[in-house]
Amino acid sequence: MPKDAAVEEFARLVRALKARDGRSYEALGRRLSVSASTLHRYCSGATVPEEFAVVDRLALLCGAGEEERRALEVAWSRADRTRRPPVPEPDAEPAPGPEPKPAPEPEPEPAAAPESDPAPEPASEPAPEPAPEPELEPELEPVHARVPGLPSERRRRRWGWVGVVGGALAVVGTVTLGAVLLPGKTPERAAEPPAPLTWTVASHLWKNGCGHTYLVERTPPPPPEAADARSWAAARGAVHGGETLVRVSVQGKGAAAVVLQALHVRVVERGAPLPWAAYRMDDGCGGAVTPRLFEVDLDRPRPVARALDGYDASGEEGRTLPAVSFPYAVSAAEPEELLVSAGAAGCDCRWYLELEWSSEGRRGTVRIGDEDGAPFRTSGAKGRPVYGYDSVGRAWITGEESGQGG
């Protein structure tokens with residue numbers, strides 16, 4: 001499929017979802033934590049989101065079925081490939097090498113001597129009976145080859161993966177994370193039961209789709225679209241300044257309900273706040289927050305996730321959603337979305353979320369990090385020089401010093 005056709009097909013499906021729902025770009029964008037202009041760019045084909053998660057949430061919000069979501073993911077994959085440079089193909093013919101030397105001709109064998117008349121054979125004696133051959137012990141088959149229903153070579157490959165996972169678990173200190181990063185490859189003696197739920201993470205959110213601050217060591221290029229914030233920050237080693245917004249979309253794997261019991265915060269490393277300048281992605285913006293909002297103060301010795309009131313702006317007047325604490329129930333048909341706002345003023349903190357669950361008599365905990373599985377990172381920005389981008393002059397200009405790093 002041509003590049004333009006792949007992008008247009010994806011944009012057509014997104015437009016169909018938006019038209020079916022009937023809400024405005026602004027109202028839908030608030031529910032998806034993206035700006036109205038970003039959602040409009042998806043619908044027009046001006047840009048393709050870096051991750052399918054935001055489009056999948058739009059599909060769920062607009063009531064799309066499983067087959068429609070799969071078709072949407074296929075269209076997104078084709079459109080996403082149009083942004084990547086083509087991989088050069090290897091040369092078809094190998095480089096010519098030195099010609100092989102001809103093999104030397106075999107030397108002729110010497111002529112055999114003429115046979116003489118055979119001597120008369122002596123009287124034959126009965127031949128002795130051959131000694132019985134020693135019985136050989138049967139060759140032991142490898143243990144992995146005796147596993148019912150699993151060929152030996154496949155078993156060897158499987159245990160090779162287990163060795164890799166075991167090394168990863170020694171680093172992160174939890175079997176649960178290994179089960180998520182390499183599903184189906186964890187050791188059979190895992191300390192935690194396999195999780196009956198799945199989730200996606202987005203950790204480069206901008207408040208209400210438009211406001212965020214990054215700490216950057218060197219002057220960066222102009223701010224990106226909110227949808228491209230992750231790649232923009234990764235290319236420059238940017239760190240969240242003062243606040244990190246994390247959205248976790250949780251869904252059960254089957255029809256059985258999974259109860260989310262609690263959400264914990266684990267700070268794994270603390271340091272002094274980074275001495276870098278703060279760069280605001282814009283001048284800030286007003287708007288509504290999403291349901292299931294949690295606030296975390298990373299400066300506390302033992303941070304906790306505290307439930308806050310939400311606000312639904314999808315209607316004409318909007319409505320306040322009272323804070324609802326755990327437990328929550330999720331299933332394959334009923335996902336849940338958690339939004340965590342973690343703030344730091346006096347530390348450069350690296351941290352994880354840990355989600356406790358229970359289902360059908362089983363209990364477990366899953367550790368949640370950023371999109372790459374690494375800990376989230378938030379640094380205080382108090383007292384740092386603050387810059388905002390002047391779109392007319394096309395340059396970063398100095399503003400007032402930040403209080404919290406907004």
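Which residue forms a salt bridge with Glu68? Select Arg20: its closest approach to Glu68, N atom to O atom, is 2.5 Å. A salt bridge here is a side-chain nitrogen of Lys or Arg within 4 Å of a carboxyl oxygen of Asp or Glu. Glu68 sits in helix α5 and Arg20 in helix α1 (residues 3-21), so this pair ties together parts that are 48 residues apart in sequence.

Before moving on, some housekeeping. You're looking at a predicted model, where local features need pLDDT of at least 70 and side-chain atom pairs count only at pLDDT 80 or more, while totals for chains, interfaces and linings use all residues. Residues are numbered from 1 along each chain as its sequence is written, and side-chain values use heavy atoms, with hydrogens and water left out. Helices (H or I, at least four residues) and strands (E, at least two) are DSSP runs, numbered from the N terminus. Buried means under 20% relative accessible area, exposed over 50%, and partly exposed in between (1.4 Å probe, protein chains only).

**Stop 1: helix α5**

Select residues 66-81. Helix α5 has 16 residues and reaches 23 Å from its first C-alpha to its last, close to the 22 Å expected at 1.5 Å a residue (the expected span is 1.5 Å times one less than the number of residues). Now color the buried residues of α5: Arg69, Leu72, Ala75, Trp76, Ala79 and Asp80. They cover an arc of only 135° around the axis, which puts them on the same side of α5; the arc is that of the directions from the helix axis to the C-beta atoms. Flip to the other side of α5 and you'll find Glu67 and Arg81 exposed.

While you're here, show Arg70 and Glu66, another salt bridge, with the closest N and O atoms 3.8 Å apart. Being four residues apart in α5, Arg70 and Glu66 are separated by about one helical turn. Arg70 is partly exposed at 47%, and Glu66 is partly exposed at 48%.

**Stop 2: helix α4 and two free cysteines**

Step back to residues 53-61. Helix α4 is mostly covered, with seven of its nine residues buried; among them are Val54, Asp56 and Leu58. Just after α4, Gly63 takes a positive phi of about 80°.

Next, pick Cys62 and Cys43. The sulfur of Cys62 has its closest cysteine sulfur in Cys43, 9.3 Å away, too far for a bond. Both cysteines are tucked away: Cys43 is buried at 1% relative accessibility, and Cys62 is buried at 9%.

**Stop 3: the disulfide**

How many disulfides does a search of the whole structure find? The search finds one, counting a pair of cysteine sulfur atoms within 2.5 Å as a disulfide. Select Cys347 and Cys349, joined with an S to S distance of 2.0 Å. The link of Cys347 and Cys349 is left-handed, with -115° about the S-S bond, and each of the two cysteines is buried.

**Stop 4: a strand-to-strand salt bridge**

Show Arg266 and Glu354, whose closest N and O atoms are 3.1 Å apart in a salt bridge. Arg266 lies in strand β5 (residues 258-271) and Glu354 in strand β13, so the pair ties together parts that are 88 residues apart in sequence. Arg266 is partly exposed at 38%, whereas Glu354 is buried at 12%. Follow β13 (348-359) out into the loop leading to β14 (362-368) and you reach Glu360. Glu360 has a positive phi of about 50° although it is not a glycine, and it is exposed at 66%.

**Stop 5: the open sheet**

Bring up the open sheet of five strands, ordered β1-β4-β12-β7-β8 with mixed pairing. Two strands pair if DSSP finds at least two bridges between them. At the edges stand β1 (197-202) and β8 (306-308), each with a single partner strand, so one side of each is left without a neighbour in the sheet. Zoom in on β1 and β4 (residues 243-252), which pair in the antiparallel sense over six bridges. Trp199 stands opposite Val250 in β4.

**Last stop: a hairpin**

Finish at β16 (residues 386-390) and β17 (residues 395-398), an antiparallel pair with four bridges. Label Tyr389 and you'll see it opposite Trp396 in β17. The two strands form a hairpin with four residues between them, and Arg394 in the turn has a positive phi of about 55°. Arg394 is not a glycine, and at 67% relative accessibility it counts as exposed.
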